[in-house]
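Thank you all for coming. I would like to walk through one structure with you, slowly, and build up a picture of a few of its parts.

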Amino acid sequence: MEARFDGTAGVSRVPAIADAEPGHGGSLLWWRLASIALLCGAWEVAGRIPINLAFPPFSDRIAAFWEMLSDGSLVKAYFSTLQPLVIGVLASAVIGVSAGIAMGLRKSVEWVGAPAFIVLQAAPVAALIPMITFVYGIGLTAKTLAVCILALPVIALNSYKAVSNVNPSLVAMCRSFLGSGPQQIWKIIIPDASPVIFAGLRLGISAGFVGVILAELLITPTGVGDLITYHRSVANYAHMYAVIASIIVFSAMTLAVLQRVETTLFRPEKRGE
Amino acid sequence: MFKQVRSITRRCSMVGMAAAILGGVSAGGITGASAADPVRVAFGDIATVETLNFLIALERAKARGVDVQVTFFKSEDVAAQAVVGGQADIGVGTPYALLQKVKAPIRMFFQMSTLRFYPIVNTEYYKSWKDLDGQEVAVHSRGSGTEAIMKLMAQRNGITYSNISYIPGSEVRAGALLQGNVKASIVDAAGHRMLMEKAPGKFTVLPVEGVNATDEALYANTEFLAKNAASIDILVEELLKTWREINAKPASIAELRKQYNLLADLPADLEPEVVPYYEESVAAATFPSNGGSEVSVKDDFAFYALAGQLQGDPASLQVTDFWTFEPLNRALGKLGRQ
C-alpha cells in the first residue's frame with residue numbers, strides 16, 4: 001500500500017517539474033508532440049515493412065478510425081461501453097471514498113474492511129470474471145460489477161490511507177479551537193486528505209476502464225469490446241488497432257480532465273500554473 | 001535547468017525504449033517466421049470430446065515419425081495469429097477473412113468438419129422459423145458461423161429478426177435457454193443434447209438444410225507445406241484414415257481413446273457423451289471422408305460471404321487463393337476416394 005502511495009505522489013510530481021519553470025512549458029509541449037510523432041512514425045514504418053502481416057501501418061488505422069467515426073459505429077460502441085463504466089465508477093467512488101474515510105477514522109471499520117479491499121486489490125480480476133457471470137449472468141449488472149471489482153479497492157484504500165495520514169497538527173489545532181467531531185472531519189480531515197483521495201479516484205477510473213474492457217471481452221462482446229472482437233474475427237486489423245488506440249486516448253483524456261477538475265477544486269496552490 | 005535536462009533525458013530514453021520494443025517485435029516476427037521441426041499445431045480451443053478424432057489422427061501421425069506438438073489457444077483468431085507470425089506451423093480453423101484481407105501466404109489444405117449447429121427455440125413461444133419474424137435471437141458473436149446460419153435461414157424463410165444478441169459460448173447460450181433468459185438461439189451438438197435431456201419437450205430444433213460450410217480446416221504457410229511435404233502427407237493420410245474409420249463405426253472412438261490414452265482426465269459423467277456425440281455427428285455427415293473439395297470451398301465462399309467474413313461476389317473468388325489440394329490429392333491418390 002505504501003508503494004501505491006508513493007506511486008500516486010509520483011503521478012502528481014510529474015507536472016511539478018514543468019510547473020517549476022513555467023517559461024519552458026512551450027518547449028515541453030513540443031517534446032511531447034515530438035515523442036508522439038516519433039511513435040506514430042515508427043508505427044508507420046513497422047506497418048510498412050511489415051513486422052507482421054497483421055500489423056497495418058499507422059495511416060491505415062487513422063483511415064479506419066475516421067471510417068468508424070463517420071459510420072457511427074464508434075460512437076454507438078462508446079455509448080454502450082460508458083454505461084457500465086459510468087455506473088461502476090460512480091458506485092465505486094461513493095462506496096470506496098465512504099468506506100475509505102470510515103476505515104481511516106475508525107479502527108473497528110478498518111479491521112473489518114481493509115483486509116477485504118487488500119485481497120480484492122491483489123486478486124487477478126480476469127480470473128474472477130467467470131465467477132461474476134455465474135452469479136449475475138451476462139448483462140449490465142455483471143459488467144458493472146467487473147468495473148467495481150477493479151475500481152473500488154483502489155479508491156477505498158487510497159481514501160483510507162489519505163485519512164489515516166492526515167496532518168496531526170491540523171487535527172490538534174481543530175481540537176484546540178474546540179472544533180466538534182463533524183467539524184474535524186468536514187473542515188480538517190477531508191480537505192487535507194482530498195488530494196490523495198482524488199489521486200485514488202483517478203487510479204480508480206483508470207482501473208474502471210480496464211474492468212469494462214475486460215468485461216466486454218470476456219463476458220459478452222458489446223461496445224468497444226465488441227468492435228475489437230469483431231474486427232479481429234474478420235481480420236480488419238486496422239480497425240481493431242484503431243479501436244484499441246481510441247480507448248487508450250479516451251482513458252488518458254478522461255484522467256487529464258479529472259486532474260484539471262481536482263486542481264481547480266482542491267489545489268489552490270496550483271491554480272493558474 | 002537540471003530538472004528539465006533530466007526530464008528530457010528521461011523522455012528520450014522512453015522514446016528509445018519504445019523504438020527498441022518495436023525493433024524487438026520486428027526481429028521476433030522475422031526470425032519466428034521460419035518453419036521448424038517439430039510440426040507445431042495451433043488449436044484455437046481446448047481439447048474436448050469434439051476434438052478426440054483429431055487427437056487420434058495426431059497420435060497416429062506421431063507413431064509414423066512426425067513429431068507433432070499441439071498448443072491449445074483461447075480462440076481461433078489467436079491460433080491464426082500464431083501461424084501468421086510463424087510461432088506455429090499448422091492452424092485449425094477457417095481463416096477466410098485473414099487470407100483475403102491480409103493476403104498471408106497461407107492456404108487451407110484439409111477440411112476437418114462441416115458446421116453443425118442446432119437452431120433451438122422455446123416451444124412456449126415459437127414453433128417454426130416463421131414465428132421468429134420480428135423476434136430476437138442469440139448467436140455466438142458478430143461474423144460467426146452461428147450468426148451466418150441464423151441469417152441464412154431468415155433469408156430463406158423470408159423473415160427478419162428484431163435483434164441479434166451476442167452470447168459467446170454454446171454452453172452459455174444453452175444455459176440461458178434453460179433458464180428462460182433467451183427464447184431462441186443456436187447451439188452445438190453438446191448444447192442440443194443437454195437441452196433435450198434436461199428439459200424434454202420444452203425446446204424444439206428448427207430445420208436447417210443445405211448448410212455444408214467448413215467449420216474447421218487445417219491451414220499452413222505455403223513454404224512450410226512445400227518444405228515439409230513428407231510430414232504433411234503422413235498427417236493428411238492419418239486424418240483421412242481416422243475420419244473414415246469413425247464414419248464407418250462411430251463407436252470405435254471409445255476404443256481409440258483408450259488405446260491412445262487421450263483425454264485421460266475427462267470427468268466420468270462426460271464419458272457416456274463421447275460415443276453419442278460421434279454417432280450424431282457422423283449421421284449428420286460432419287466429418288468429410290475425402291478432406292474437402294473445390295465444390296465444398298465454393299459452398300464456403302457463399303456461406304462466409306453471408307457471414308461477413310469474405311468480401312465481394314462469392315462467384316468471383318478463386319479457390320486457389322484460399323486452398324491448396326496438393327497434399328490431399330497425394331493422400332487420396334494413395335488411399336483412394338470414398
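Before the first residue, one definition: a helix here is a DSSP run of H or I with at least four residues, and helices are numbered from the N terminus. With that in hand, A126(A) can be placed in helix 6 of chain A, which covers residues 125-136. Please keep in mind throughout that what you see is a predicted model.

Let me stay with A126(A) for a moment. Is it buried, exposed or partly exposed? A residue needs 20 or more C-beta neighbours within 10 Å to be called buried, and 12 or fewer to be called exposed; A126(A) has 15 inside 10 Å, and therefore counts as partly exposed. If you look from A126(A) to I51(A), which is 75 residues away along the chain, the C-alpha atoms of the two are separated by 30 Å.

Just before I51(A) there is a detail of the backbone. The peptide bond that leads from I49(A) to P50(A) is cis, with an omega near -15°, and P50(A) itself sits in the loop that runs between helix 2 (25-48) and helix 3 of chain A.

That brings us to helix 3 of chain A, residues 58-70. How far apart should its ends be? At 1.5 Å a residue, the 13 residues of this helix should span 18 Å, and because its end C-alpha atoms are indeed 18 Å apart, the expected and the computed values agree. Four residues of helix 3 of chain A are buried, namely F58(A), R61(A), A64(A) and M68(A). These buried residues cover an arc of only 115° around the axis, and so they lie on the same side of helix 3 of chain A. On the face turned away from that buried side, the helix carries the exposed residues W66(A) and S70(A). After helix 3 of chain A comes G72(A), and its phi is positive, near 85°.

A positive phi also turns up at residues that are not glycines. L178(A) is one of them, with a phi of about 60°, and its place is in the loop between helix 8 (168-176) and helix 9 (181-218) of chain A. Because L178(A) has 7 C-beta neighbours inside 10 Å, it counts as exposed. In chain B, A285(B) has a positive phi of about 55° although it is not a glycine either, and it belongs to the loop between helix 11 (274-283) and helix 12 (294-306) of chain B. With 13 C-beta neighbours inside 10 Å, A285(B) is therefore classed as partly exposed.

Now to the way helices pack in chain A. Two packed helices are described by the angle between their axes and by the distance between the axes. Helix 4 (residues 73-105) and helix 5 (residues 107-122) of chain A pack at an angle of about 130°, with their axes 7 Å apart. These two helices of chain A are therefore oblique to each other, and the crossing of helix 4 and helix 5 of chain A is left-handed. As for helix 9 and helix 10 (residues 223-233) of chain A, their axes come within 8 Å and cross at roughly 50°. That angle makes helix 9 of chain A oblique to helix 10 of chain A, and here the crossing is right-handed.

Finally, let us turn to a sheet in chain B. Which order do its strands take? It is an open sheet of 5 strands in the order 2-1-3-10-4, with mixed pairing. Strand 2 (68-72) and strand 4 (106-114) of chain B stand at the edges with a single partner strand each, so one side of each is left without a neighbour in the sheet. On average, neighbouring strands of this sheet are turned by 20° against each other, direction ignored.

Looking at the pairs, strand 1 (residues 39-43) and strand 3 of chain B run parallel and are joined by 3 bridges, and A42(B) has G91(B) of strand 3 as its bridge partner. Strand 3 and strand 10 of chain B pair in the antiparallel sense over 4 bridges, with A220(B) in strand 10 as the bridge partner of I90(B). Strand 10 (residues 214-221) is in turn joined to strand 4 of chain B by 7 bridges, and these two run antiparallel; in this pair, I106(B) stands opposite N221(B).

What covers strand 3 (residues 90-93) of chain B? Both of its faces are covered, with I90(B) and V92(B) on one side and G91(B) and G93(B) on the other, all of them buried.

Key
Residues numbered from 1 in each chain as written. Chains lettered and ligands numbered in written order. Predicted model: local features only at pLDDT ≥ 70, side-chain atom pairs only at ≥ 80, totals over all residues. Pairing = 2+ DSSP bridges. Axes fitted to C-alpha atoms, helices over the stretch in contact; angles between N-to-C directions. Expected span 1.5 Å × (residues − 1). Arc of directions from axis to C-beta. Parallel < 35°, antiparallel > 145°, perpendicular 65-115°, else oblique. Left-handed = near helix turned anticlockwise from the far one by under 90°.
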